[in-house]
Amino acid sequence: MDNIYLPHKAIITGIQDETYDTKTFEFEFVERAVKESFRFLPGQFLEISVLGIGEAPFGVASNPNHPERFRVTIRAVGSVTRALHELKTGDRVGIRGPFGNGFPFHEMKGKNILFVAGGIGLPPLRSLIEPMLDSRSEFKDIQILYGARSPADLVYTDRLKEWEKTPEIRFMMSVDAGDPAWTGNVGVVTTLFPKAGLRTQNAVAFVCGPPVMIRFVILELLGRGFAPENIISTLERYMKCGVGKCGHCAVGHKYICLDGPVFSYKDMMKLSEKVV
Amino acid sequence: MEQVVLQKSNLNHWVELMHRGFQVVAPSRVQGEIFFLPHAGQLESDLLCGIATLPYLPPKDIVFPQSETLFSFTRGAGDIDFSVPDRPPEKRVLLGIRSCDTVGLNWLDHFYLSNFHDFYYQNRRDPLTLISIACTQPMKNCFCICCEGGPFLHPETTAFDIQLVDLEDRYLVECNSEKGKALVDLNRNLFSQPDPSMVEARDQAETKSHTRFLQEPTSYMSAAIRRITSNSVPPEVWTELGERCFDDGGCTFVCPCCSCFGVGYTAKGETGCHYRFWDSCDYSGFTREVSGHNPRAEKGERFKRRFFHKLSYHYVKKDGRIGCVGCGRCITACPGEVGMPAVVERLRRG
């Protein structure tokens with residue numbers, strides 16, 4: 001019988017500093033059978049253990065087309081994330097998963113795609129952006145609007161530069177507060193909307209970021225004609241088991257870990273508790 | 001379902017036979033309080049009769065301990081070793097569990113053994129045989145009759161191994177599974193075949209029992225279920241009820257159907273373990289996130305959550321029944337007098 005609570009051993013194969021408090025970790029499973037069979041969907045999450053310290057859920061941030069080495073971007077805010085930040089390449093952690101429903105992918109083909117990311121909300125969306133770019137011709141317009149608190153809070157800065165240049169996507173970013181070197185847009189991410197030339201027909205918006213940002217972005221999107229079922233976001237809750245048993249992440253009759261973390265705004269409104 | 005008859009004077013002998021292959025857990029008094037404990041010495045026969053003498057705690061800790069190790073680990077030479085606790089070796093008989101608690105265990109079975117099997121629960125549940133006792137007389141907080149939680153069990157709604165029906169100097173022994181039959185097979189000579197009058201007496205006992213349970217405070221659930229399901233309970237009602245909650249978690253710990261757990265982590269040097277423990281949606285920390293954000297910071301919100309999980313039709317569809325078996329323990333445990341029937345009554349009034 002499978003033991004859903006027992007992690008698999010994984011090794012850190014690389015660490016990239018993103019910001020002053022955020023790093024991207026690359027992992028590989030130690031056991032060959034686990035490594036070879038591991039697959040994940042965009043938007044799914046993993047439970048990562050620092051043994052003896054704790055375990056926490058993290059959305060996978062890398063391309064599901066390359067599951068043998070996968071990446072997770074982690075901001076140091078609590079005991080588990082701070083302990084993760086202490087680790088070095090070659091260190092081992094425990095990983096369970098993937099869990100959750102994930103973003104729709106194939107259903108998005110032939111549509112205009114809008115991504116709106118706030119801060120550390122970009123990493124989970126990247127697990128969808130990258131495979132869409134792998135199959136670029138199957139999607140219509142792809143637009144990314146990314147906002148962060150300051151230029152120092154932007155993650156994936158090398159990749160952002162590529163996105164700014166490539167004709168395959170329309171990319172814009174904004175920071176809440178600039179610095180002397182910043183020449184781009186200043187303001188919350190919604191200030192990009194009037195300048196963005198949004199495609200609102202045959203379009204789906206993926207929104208990820210802090211709760212307050214999600215709330216305002218959804219209002220903006222509704223105002224610009226996006227139907228609730230075409231606004232897709234992720235919900236977060238304090239979570240332990242990842243498999244619908246511990247009860248912490250229940251919202252109404254749904255479990256964020258099983259029925260989510262991805263929900264359309266239409267489905268969010270059906271929950272019996274206010275979520276956005 | 002096979003029915004046989006056991007003279008009460010033969011019960012001790014039967015249980016001694018069980019001891020050869022099983023650990024027997026039975027209700028026992030410790031300083032006047034009743035607990036399910038590994039049986040030693042004489043059985044307390046007054047706890048095994050038709051009167052609903054309910055231990056303060058349900059026997060859920062037998063399958064879902066208050067705290068249990070998920071795995072331990074050892075770090076060394078650049079690697080980690082995991083080890084999972086062994087399956088508990090002994091087979092167990094839980095003797096004298098009441099109908100409500102058996103229905104509660106059924107609820108936990110359904111929850112823990114469907115859609116992602118819980119390894120630890122399964123390991124403790126598989127070797128367990130249930131000998132349930134039908135209640136012929138309620139205690140003051142019993143409302144199982146409102147919740148399909150008793151006073152008698154029926155094979156079409158509840159899985160059990162044996163049900164004993166108290167018929168004065170004898171038990172009618174109803175075997176509802178192979179596990180139950182195996183216990184009777186320990187010595188068939190202890191049992192006799194029931195004559196038709198015994199079966200009739202059993203049915204009369206059930207009818208009488210229903211009459212007695214209906215005289216106890218009852219809990220008219222349907223309006224509460226409807227209002228909770230349709231989310232039409234005014235927020236101020238939840239606030240009002242929440243103000244009477246002491247945040248002590250007592251109702252959740254004594255509830256046969258409460259299944260939530262937290263996970264803890266310890267390490268000393270290079271070894272340590274991850275373990276789980278009973279947690280409670282009554283606690284504000286249950287949903288508090290590392291950022292400090294807490295979606296259920298208000299007591300009323302937490303109160304609503306608990307009763308939504310227990311009674312909403314969404315969960316009835318998921319779990320097959322409401323998450324209350326009418327044992328009345330939350331009434332006993334709650335210092336704020338907001339056990340299930342009081343809440344149901346408040347919601348019924350709208």
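**Helix 2 of chain B, the nonpolar cores and the contacts**

Helix 2 of chain B is mostly covered, with 12 of its 14 residues buried (a residue is buried if 20 or more other C-beta atoms, placed from the backbone, lie within 10 Å of its own, exposed if 12 or fewer, and partly exposed in between). Helices and strands are DSSP runs, H or I of at least four residues and E of at least two, numbered from the N terminus. The structure is a predicted model, in which local features need pLDDT of at least 70 and side-chain atom pairs count only at pLDDT 80 or more, whereas totals for chains, interfaces and linings use all residues. Residues are numbered from 1 along each chain as its sequence is written, and chains are lettered from A and ligands numbered from 1 in the order in which they are written.

Chain B averages a pLDDT (the predictor's confidence in each residue, from 0 to 100) of 94, and 100% of the residues score at least 70. For the complex, the predictor gives an ipTM of 0.92 and a pTM of 0.94.

The buried residues of helix 2 of chain B include Trp107(B), Leu108(B), Phe111(B) and Tyr112(B). Among the elements that cover the buried residues of this helix are strand 6 (91-98) and helix 10 (313-319) of chain B. The helix reaches 20 Å from its first C-alpha to its last, close to the expected 20 Å, the expected span being 1.5 Å times one less than the number of residues.

The largest nonpolar core (buried Ala, Val, Leu, Ile, Met, Phe, Trp, Tyr and Cys residues joined through C-beta atoms within 7 Å) has 85 residues, and those touching the most other members include Val93(B), Leu108(B) and Cys144(B). Helix 2 (residues 99-112) of chain B gives the most to this core, with seven residues. Domain 1 (2-215) and domain 2 (221-349) of chain B both contribute residues, so the core lies between them; the bounds come from an automatic or database domain assignment. A second, separate core of 76 residues includes Leu51(A) and Met132(A).

The contact between the chains (C-beta atoms, placed from the backbone, within 7 Å) takes 40 residues from chain B and 27 residues from chain A. Strand 11 of chain B gives the most to the side of chain B that touches chain A, with six residues. This side divides into 20 nonpolar, 14 polar and six charged residues, where Ala, Val, Leu, Ile, Met, Phe, Trp, Tyr, Cys and Pro count as nonpolar, Asp, Glu, Lys and Arg as charged, and the others, Gly among them, as polar.

How values were computed:
Two residues are in contact if their C-beta atoms, placed from the backbone, lie within 7 Å.
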